[in-house]
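Work through the exercises below with the sequence and the structure at hand. Try each task before reading its solution.

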Number of protein chains: 4
Amino acid sequence: MPLMDNRWTFTVEWGDCDAAGIVFYPNYFRWFDAGFQKLLRLKGLSQRQLGARYGIVGTGLVDCGARFKGPAAFGDEIELLTRIERFEEMTFTIAHTVTRKGRVIVDGFEKRAFLKAGDGDGRLKALPVPDDFRALFTPA
Amino acid sequence: MPLMDNRWTFTVEWGDCDAAGIVFYPNYFRWFDAGFQKLLRLKGLSQRQLGARYGIVGTGLVDCGARFKGPAAFGDEIELLTRIERFEEMTFTIAHTVTRKGRVIVDGFEKRAFLKAGDGDGRLKALPVPDDFRALFTPA
Amino acid sequence: MPLMDNRWTFTVEWGDCDAAGIVFYPNYFRWFDAGFQKLLRLKGLSQRQLGARYGIVGTGLVDCGARFKGPAAFGDEIELLTRIERFEEMTFTIAHTVTRKGRVIVDGFEKRAFLKAGDGDGRLKALPVPDDFRALFTPA
Amino acid sequence: MPLMDNRWTFTVEWGDCDAAGIVFYPNYFRWFDAGFQKLLRLKGLSQRQLGARYGIVGTGLVDCGARFKGPAAFGDEIELLTRIERFEEMTFTIAHTVTRKGRVIVDGFEKRAFLKAGDGDGRLKALPVPDDFRALFTPA
């Protein structure tokens, strides 16, 4: 069951498209990230506040992916539905669905962790997903 | 067995990084796409020539993903290894591995198809992967 | 006198910012381009339709610039005001003003021309700005 | 007289181009920024080190612009020449010239300042350009 979602409708712009006239696919991940940030803001949170509150660099990516079912072209209005789909101990998974004219064109996900700076070796280290963060996205 | 590969070494630039000072992850997919195009060029091909030769819009994405094992930051030199990993009847899969100082930081893939314009409904339709394309990337 | 304008309000997202936590400045030009496209759409036009109607590749850039008066950071809500400021014979100039909390943070412009493909030398050639295009943005 | 320059040759990739098949112009500014960072690295500096050394957020943009003389398309090899052109008291100006097959296609500039965080009002404040920075780029 989706715990919470955000819907964001926007227009595909000229600069989002490649020489074939359709969305250059890395942009979908740019939009996924923005969709996640918008979902946080719905809860009064931001990537920055999470950093300060939990002593982390941010919620970083562990895994991500997308399946493409149809194209979107310059001028198309598309909708991105973002929801937290699942909490694991050390990660949480966000589902992103892009629709155009009511038809799903991209299905994607981001698996994120609460990452803090490591011990000087340049690596990042995951913290358990904080209970109060989990609670924010879990229906009573 | 990798059929052919391309190695591309480059520096992470200021604009590639986010406010946490590490690569904003959609850029990895931008680099994956560039790595694939560079691999095509090694064979004397380009996305445009494929379009003309096979009557397609291009080799479009069907599926993609990435797993993140470590960050890269502004000024880091990283290497992207791109290889065609597998041919299926209607798709082919490209593996992308990003290393920093010899350590793998991102493992990703792109599954692509030869896509041509559909019958006026705005959808794209996959062709079987052409034999001569497959042959180019298969050792004798 | 501004002939016509478009106002677009949006949030600065994580991926728009650099490692200093403020907007990576090339994004302002990405937004300028989108603002121009949105202004065209207000008039029922699009870059694509202009191409077909006038036999051009598009309205391409001849000159552009921006002056930066203050930063915008992740999560800031900003407004982009786009207006066609002036028509010359072969070009037209679009003014873009970005405000945050009512204060101007960036002033920019794009000078564009109606560009068609040249005679096989890879160069683009400007056409005079069409009268009906000019008329669309000129008050009666 | 140019005080120091950096030359960077690279290939225009698929994702750098728009639906007209030519470079989407904000990318030139992305490359200008990278060219400047590469020039700093030639001198053993980086945006980050400047921040730490001078107590600044970074060298931020005050003004920038570009004039477009010809297009570059997917697969083109282009060269970016970056040089510090002029020092003023509070700013310095970087000239960027993009050539394709020996012909100039874009002429641009960035005027930058050493910017430090203001007094809590979210604005950035310019410092005089440090003498030792100026000296690094001035022939003896």
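The exercises cover two chain contacts and one loop position in a predicted model.

**Exercise 1. Describe the contact between chain A and chain B: how many residues does each chain give, and what area is buried?**

Step 1. Count the residues. Chain A gives 30 residues, and chain B gives 30 residues.

Step 2. Take the area. The two chains bury about 2400 Å² between them. Carbon and sulfur atoms account for 58% of that.

Step 3. Find the main contributors on the side of chain A. A:Tyr25, A:Phe68 and A:Arg123 lose the most area to chain B. Together they make up 22% of what that side buries.

**Exercise 2. Find which elements of chain A touch chain B, and classify the residues on that side.**

Step 1. Begin with the polar side of the contact. Eight residue pairs are in polar contact across the interface of chain A and chain B, both residues at pLDDT 80 or more.

Step 2. List the elements. Those giving two or more residues are α1 (26–42), β2 (58–68) and β5 (103–117) of chain A.

Step 3. Pick the top contributor. β2(A) gives the most, with eight residues.

Step 4. Sort by class. The side of chain A that touches chain B holds 16 nonpolar, three polar and eleven charged residues.

**Exercise 3. Work out how β2(A) pairs with β2 of chain B: parallel or antiparallel?**

Step 1. Read the direction. β2(A) and strand β2 (residues 58–68) of chain B pair in the antiparallel sense. The pairing runs over five bridges.

Step 2. Check one bridge. A:Cys64 has B:Ala66 as its bridge partner in β2(B).

Step 3. Add the salt bridges. There are two between chain A and chain B. In one of them, the side chain of A:Arg67 meets that of B:Asp63, at 3.8 Å from N to O. The cut-off is 4 Å, so this pair qualifies.

**Exercise 4. Describe the contact between chain B and chain D in the same terms: residues, area and salt bridges.**

Step 1. Count the residues. Chain B gives 16 residues and chain D gives 16 residues.

Step 2. Take the area. About 1400 Å² is buried, and 55% of it comes from carbon and sulfur atoms.

Step 3. Name the leading residues of chain B. B:Glu13, B:Trp14 and B:Phe74 supply 37% of the area that chain B buries against chain D, more than any other three residues.

Step 4. Count the charged pairs. Four salt bridges link chain B and chain D. B:Glu13 forms one with D:Arg41, where the closest N and O atoms are 2.6 Å apart.

Step 5. Locate the elements on the side of chain B. α1 (26–42) and α2 (47–54) of chain B each supply at least two residues. The largest share, six residues, comes from α1(B).

Step 6. Sort by class. This side of chain B has three nonpolar, seven polar and six charged residues.

**Exercise 5. Examine A:Lys101 and B:Lys101: what is the phi of each, and where does each lie?**

Step 1. Look at the backbone. A:Lys101 has a positive phi of about 50°, although it is not a glycine. B:Lys101 also has a positive phi of about 50° without being a glycine.

Step 2. Place the residues. A:Lys101 lies in the loop between β4 (92–100) and β5 of chain A. B:Lys101 lies in the loop between β4 (92–100) and β5 (103–117) of chain B.

Step 3. Judge exposure. The relative accessible area of A:Lys101 is 77%, so this residue is exposed. B:Lys101 is at 76% and counts as exposed.

Notes: Residues are numbered from 1 along each chain as its sequence is written. Chains are lettered from A and ligands numbered from 1 in the order in which they are written. This is a predicted model: local features need pLDDT of at least 70, side-chain atom pairs count only at pLDDT 80 or more; totals for chains, interfaces and linings use all residues. Side-chain values use heavy atoms; hydrogens and water are left out. Contact means heavy atoms within 4.5 Å. Buried area is the accessible area (1.4 Å probe) that two parts lose on being put together, summed over both. A polar contact is a pair of N or O atoms within 3.5 Å; within protein, one must be able to donate a hydrogen and the other to accept it, and residues adjacent in sequence count only if both atoms are side-chain atoms. Helices (H or I, at least four residues) and strands (E, at least two) are DSSP runs, numbered from the N terminus. Ala, Val, Leu, Ile, Met, Phe, Trp, Tyr, Cys and Pro count as nonpolar, Asp, Glu, Lys and Arg as charged, and the others, Gly among them, as polar. Two strands pair if DSSP finds at least two bridges between them. Buried means under 20% relative accessible area, exposed over 50%, partly exposed in between (1.4 Å probe, protein chains only).
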